[in-house]
Amino acid sequence: MQEQFTRTKLLLGIKAIDTLATSRVAVFGVGGVGGYVVEALARSGVGTLDIIDSDTVNITNINRQIIATMSTVGRYKVDVFTERIHDINPLCNVNAHRTFYLPENALDFDFTLYDYVVDAVDTIAAKMSIIERAKASGVPVISSMGAGGKTDPGAFMVADIYETSVCPLAKVIRTECRKRGITSLRVVYSRETPIKPPSRDVPIGSVAFVPSVAGMMIAGEVIKDLIK
């Protein structure tokens, strides 16, 4: 009898499928980028997913976030994702946290429980806390750099933070990593110069086909690392 991971098994093998089924991945931030990470991990058969986000679906999310539809507007993103993940893989254990991760609540999360950590949050303080705690726990971590203001999905690449250029967020993270003695960090970033909003009162624009690419690239790195 075929099951939902048959095609993945044909490509990666039964050993990889078994490894993924016993893996636990934490995704901090399930918006434009992080949402596609969660989607791909669920469809790859990862056995336990921790999803951390305090936001509810906003109508302005519909243009780029995979769970954002008219019917989900106003609902907590982690609640919608829990239902979606279970609809993909009923056997997946989902730990949903309606929480905005900050250094102040960092101790609420035991990073030693995770096999991999994905940082897809927006704030510098939160990103650095996630990165530091993952490094201290000896857990692999990959971080998303800026996806807003970009229109070229082909400009994204995987690199060490110290090999990045152009991306303003990556520049800040490089500086913060140096201050903290972090010698390496895998990131997905874009070499495209972001389009700035006309004023500070206008949010950064985004499109459907950019955050999704960054998210899928991150998910691919996680899957490859888990099964190697």
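Me: How many salt bridges are there in this predicted model?
Reply: The count comes to 14 salt bridges.

Me: Why do such pairs form at all?
Reply: Side chains of opposite charge can pair when their charged atoms come close.

Me: OK, which residue does Arg-43 pair with?
Reply: Glu-39. Their closest N and O atoms are 2.7 Å apart. Both sit in helix α3, residues 32-43. They are four residues apart, so about one helical turn separates them.

Me: Is Glu-39 buried or exposed?
Reply: Glu-39 is buried, at 5% relative accessible area. Arg-43 is partly exposed, at 46%.

Me: What about Glu-176, what does that one bind to in a salt bridge?
Reply: Lys-179, with 3.4 Å between the closest N and O atoms. Both lie in helix α6, three residues apart. Glu-176 is buried at 16%, while Lys-179 is exposed at 62%.

Me: And which side chain meets Asp-225?
Reply: Arg-186, at 3.0 Å from N to O. Asp-225 is in helix α7 and Arg-186 is in strand β7, so the pair ties together parts 39 residues apart in sequence. Both also belong to a salt-bridge network with Glu-221, Lys-224 and Lys-228.

Me: New topic. How do α2 and α7 cross?
Reply: Their axes come within 9 Å and cross at roughly 110°. The two helices are therefore roughly perpendicular. Ala-16, Thr-19 and Leu-20 of α2 make the contact with Ile-223, Leu-226 and Ile-227 of α7.

Me: Last one. Which residues form the nonpolar patch on the surface?
Reply: Ile-59, Ile-62, Met-70 and Val-73, with about 360 Å² of accessible area together. Ile-59 lies in the loop between β2 and α4.

Note on methods:
Residues numbered from 1 in each chain as written. Predicted model: local features only at pLDDT ≥ 70, side-chain atom pairs only at ≥ 80, totals over all residues. Heavy atoms only, no water. Patch = residues over 30% accessible without salt bridge, like charges linked within 9 Å, V, L, I, M, F, W, Y side chains within 5 Å. Areas by Shrake-Rupley, 256 points an atom, 1.4 Å probe, with all protein chains shown as cover. Salt bridge = Lys/Arg side-chain N within 4 Å of Asp/Glu carboxyl O. Axes fitted to C-alpha atoms, helices over the stretch in contact; angles between N-to-C directions. Parallel < 35°, antiparallel > 145°, perpendicular 65-115°, else oblique. Contact = heavy atoms within 4.5 Å. Buried < 20%, exposed > 50% of the residue type's maximum accessible area, 1.4 Å probe, protein only.
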